[in-house]
Every structure is written in structure tokens, then in C-alpha cells.
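Please read the following walk through one protein with its sequence and coordinates open beside the text. The account moves from single residues to a charged network and then to the fold as a whole.

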Amino acid sequence: GGTITVHADGTVGSSKRGKIVARGKKKQTAAGVVDVSGDAGVNLLGRIEARGLYGGSVSATSSTRNLTLEEEIRAYGEFGSGGTVNVTAPTGTLTIGGKKGAIKANGGSPAGGGSVTLSAVTVDAQKVLSARGLTTFTGGTIDVTRQSVVLRTIKVRGGSGGSLNVTSTVGSIGISSAVQADGKTG
């Protein structure tokens, strides 16, 4: 997969059909890199994919305002390790919602699941966060840090369970559904 960079001094927005894709060939090449940033906000209604033999890298940043995701970010490693996803809104709210809003950095061998890092003044992840490894490989890592955090379903499962770190620096943490870091074989 190649490299896609989208930057605006203002707001970056996409429609439902506004997909961003940096895929590699499933059994042969690694996924690419996607970097989306808006100084005055990011509002993405379309899917972002960076999947291939090994998962790619996806970053989305809103420098001074809110960041909203309403479709999946996929950084899959179809036959290799999962990719990395970093979503940041240092002075705003990060919302993962909509019907299909989710972040998935799932993978297989050799390293298993990828990594997901979320950081904002308030993180409201109403949908799935996943960094799963296949049954025989290690789960990935998910890190969520900031003031107030609301999470729904979180999966870092694998042959050996993955790692989940959630930190609220001054506010509260709310989890409204399953948190799964179970190991299938270890």
C-alpha cells in the first residue's frame, strides 16, 4: 500500500462514500500509511483502510477542535501482524459513533494484534475498539488516555491475551459493554 496524507488548516470532512484506502495485496504486500489532520477539526463519515499482508498505519489528528469517526478504521494484517492506529484531539472531544464507527487493528503472525492509541480531552468510544490476534497469536494493545473516558466494547484477545490501558487524568471512566483480553492458548 502507498501513502495518503490529507491536511487542512481548517476542517477535514468526508462523506459516507469518502473512503480512504491504502491497502497492500492480501497475501503478498504490507498495507500503506494514512495520515489525516485538520487544524480546526476532523469529521470522517467514510471508512479508512490500511490492510494487507501486514497492517498499515493510520493517524487522525484534530489540532484545536473535535474529532468524529462514524465508520471503521481498519489496520488489519491479514496474514501478518496488525497495524497501528493513533487518533488524537488534544484540546477537543474524540467521538467514535455512527452505525459502523469502530477501530480495528487485528492481526495474525508473527506479532498478532496491532496497537490502538486514543487521546483527547474527552474520549467517547461508543463502538468497538479491537486489536485482536488470531487464536494462536498474541492480542495487541489499546491505550486510552485523557480526562474523561467512555468506552463500549474492547477486544485485545488472542492466543495470549493482549494489553489494555485506560487512564483518566482528572475525570471519570465509563465502560458500558464487554472488555475482552482473554488468551485462547496461553
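In this predicted model, Val150 has its place in strand β14, which covers residues 141-151. With a relative accessibility of 37%, Val150 counts as partly exposed, because that class takes in values between the 20% limit for buried and the 50% limit for exposed. If the neighbours within four places in sequence are left aside, the residues in contact with Val150 are Val123, Asp124, Ala125 and Gly174. A second way to place Val150 is by its distance from Ala60: the two are 90 residues apart in sequence, and their C-alpha atoms lie 19 Å apart in space.

One of the contacts of Val150, Gly174, has a number that falls within the span given for strand β17, residues 173-175. Ile173 is also found in strand β17, and at 43% relative accessibility Ile173 counts as partly exposed. Together with Ile175 and Val179, Ile173 makes a nonpolar surface patch of about 250 Å².

Ser37 offers a buried counterpart to these partly exposed residues: Ser37 lies in strand β4, residues 33-38, and its relative accessibility of 15% counts as buried. What does the side chain of Ser37 make a polar contact with? The partner is the side chain of His7, at 2.8 Å. His7 also appears among the residues in contact with Ser37 when neighbours within four places in sequence are left aside, a list that further holds Val6, Ala8, Val12, Val42 and Thr61.

The charged side chains come next. A search of the whole structure finds eight salt bridges. In one of them the side chains of Glu49 and Arg74 meet, with a nitrogen-to-oxygen distance of 3.6 Å. Glu49 belongs to strand β6 (residues 48-49) and Arg74 to strand β9 (residues 72-74), so this pair ties together parts that are 25 residues apart in sequence. Both partners are buried, since the relative accessible area is 2% for Glu49 and 18% for Arg74, and buried means under 20%.

Arg74 has a further salt bridge with Glu72, where the N to O distance is 2.4 Å. Glu72 is likewise found in strand β9, and at 11% relative accessibility Glu72 counts as buried. The side chain of Glu72 also makes a polar contact with the side chain of Lys104, at 2.9 Å. Not counting residues up to four places away in sequence, Glu72 touches Arg47, Ile48, Lys100, Gly101, Ala102 and Lys104.

Where do the partners of the salt bridge between Arg51 and Glu78 lie? Their side chains meet at 3.3 Å, N to O. Arg51 lies in the loop between β6 and β7 (57-62), whereas Glu78 lies in the loop between β9 and β10 (84-96), so the pair ties together parts that are 27 residues apart in sequence. Arg51 is partly exposed, with a relative accessible area of 21%, and Glu78 is partly exposed as well, with 24%. Through shared partners, salt bridges join Arg23, Arg47, Glu49, Arg51, Glu72, Arg74, Glu78 and Lys104 into one network.

The fold as a whole can now be set around these details. How many helices and strands are there in the protein? There are zero helices and 18 strands. The radius of gyration is 15 Å, close to the 16 Å that the globule rule gives for 186 residues, so the protein is as compact as a globular protein of that length. Along its principal axes, the C-alpha trace spans about 45 × 40 × 25 Å.

Of the 186 residues in the protein, buried residues make up 45%. The surface that the protein exposes comes to about 8,100 Å², of which carbon and sulfur atoms supply 47%. Among contacts between residues at least 6 apart in sequence, 69% join residues at least 24 apart. The salt-bridge pairs described above give two cases of linkage between parts separated in sequence, with Glu49 and Arg74 tying together parts 25 residues apart and Arg51 and Glu78 tying together parts 27 residues apart.

Technical notes:
Residues numbered from 1 in each chain as written. Predicted model: local features only at pLDDT ≥ 70, side-chain atom pairs only at ≥ 80, totals over all residues. Heavy atoms only, no water. Salt bridge = Lys/Arg side-chain N within 4 Å of Asp/Glu carboxyl O. Helix = DSSP H or I, 4+ residues; strand = E, 2+ residues; numbered from the N terminus. Buried < 20%, exposed > 50% of the residue type's maximum accessible area, 1.4 Å probe, protein only. Patch = residues over 30% accessible without salt bridge, like charges linked within 9 Å, V, L, I, M, F, W, Y side chains within 5 Å. Areas by Shrake-Rupley, 256 points an atom, 1.4 Å probe, with all protein chains shown as cover. Rg over C-alpha atoms; globule rule 2.2 N^0.38 Å. Contact = heavy atoms within 4.5 Å. Polar contact = N/O pair within 3.5 Å; in protein donor to acceptor, adjacent residues only side chain to side chain.
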